[in-house]
Amino acid sequence: MADTRVAVLMESDYYEPEIFYYQRRFAEEGIPVDFITRLWGQESMTFTGHEYRAPFTVSKSLEEVDPSDYAALVVPSGMVSDRLRYTDDVDRLAPATELLRRAFEDSRVIKGIICHGMWLAASIPYVVRGRKIVCHNNLVGDVRNMGAEYVDKDVVIDGDLVTGRSGQQCHLFARTLVDLLTQKDEIL
């Protein structure tokens, strides 16, 4: 999987078991992972997890990333997407939402969105309209209002979009992503 690379969005209040699982699980498969965030002009930022207050330092700016450089873009659970959808100018997409929008324009990029990660797509509902999705129970109404079809499963695949119910199912979500990335690598 030499050309396969995954980007995972990061911010404070991340769900530690999920993020640490991705860090190790993709590595087990030989898949490099870049954790990316909005750096606000700094070289790096250290975020604090939600459950255990564990620190996690990120030094790659999502504003300098081309989604087509990745085989998959993961929007994790918890408050990460809520924090990343902040924008100074409410008439413009937040940089993380803009990155997700561009990823949806490239069907070669697998979009992985789990739990509350769907919040990041709230400003661009057309990217999920008509698609099958699972999300956290608290977001079912939001997903339906976005025009997506809610499916009551732990993980749902709809073409280049993989969605997961919650961080508690991150192992199933990651396994699905690994399987799809492996298949993709075999095809190429």
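In the predicted model, 56% of the 188 residues of the protein count as buried. The radius of gyration is 15 Å, which agrees with the value near 16 Å that a compact globule of 188 residues would have. Along the principal axes, the C-alpha atoms occupy a box of roughly 40 × 40 × 30 Å. The accessible surface amounts to about 8,900 Å², and carbon and sulfur atoms account for 44% of that area. The protein carries 21 positive and 30 negative charges, and the mean positions of the two sets lie 3 Å apart.

The secondary structure consists of 5 helices and 11 strands. When contacts between residues at least 6 apart in sequence are considered, 68% of them join residues at least 24 apart.

The largest nonpolar core contains 67 residues. Within this core, V6, L9, Y22, L73, L100, M118 and V128 touch the most other members. Helix α5, spanning residues 170-187, supplies the largest share of the core, with 7 residues. The surroundings of V128 were examined further, with neighbours within four places in sequence set aside. On that basis, V128 is in contact with F104, M118, I133, M146, G147, A148 and L161. M118 thus appears both among the contacts of V128 and among the core residues that touch the most other members.

Among the charged residues, R25 is placed in helix α1, which covers residues 16-28. R25 counts as buried because its relative accessibility, 10%, is under the 20% cut-off. Apart from neighbours within four places in sequence, the contacts of R25 are with A174 and R175.

Positive phi values are found at two residues that are not glycine, R53 and C115. For R53, phi is about 60°. R53 is located in the loop that connects β3 (45-48) with β4 (55-58). With a relative accessible area of 51%, R53 is over the 50% cut-off and is therefore classed as exposed. For C115, phi is near 60°. C115 is likewise a loop residue, lying between β7 (110-114) and β8 (132-133). The relative accessibility of C115 is 6%, under the 20% cut-off, so C115 counts as buried. The two positions therefore fall into opposite classes of accessibility, R53 being exposed and C115 buried.

Key
Residues are numbered from 1 along each chain as its sequence is written. This is a predicted model: local features need pLDDT of at least 70, side-chain atom pairs count only at pLDDT 80 or more; totals for chains, interfaces and linings use all residues. Side-chain values use heavy atoms; hydrogens and water are left out. Helices (H or I, at least four residues) and strands (E, at least two) are DSSP runs, numbered from the N terminus. Buried means under 20% relative accessible area, exposed over 50%, partly exposed in between (1.4 Å probe, protein chains only). Contact means heavy atoms within 4.5 Å. The radius of gyration is taken over C-alpha atoms; the globule rule is 2.2 Å times the number of residues to the power 0.38. Accessible areas come from the Shrake-Rupley method with a 1.4 Å probe; for residues, only the protein chains shown count as cover. Lys and Arg count as positive and Asp and Glu as negative; His and the chain ends are not counted. The place of a charge is taken as NZ of Lys, CZ of Arg, CG of Asp or CD of Glu. A nonpolar core is a set of buried Ala, Val, Leu, Ile, Met, Phe, Trp, Tyr and Cys residues joined through side-chain atoms within 4.5 Å.
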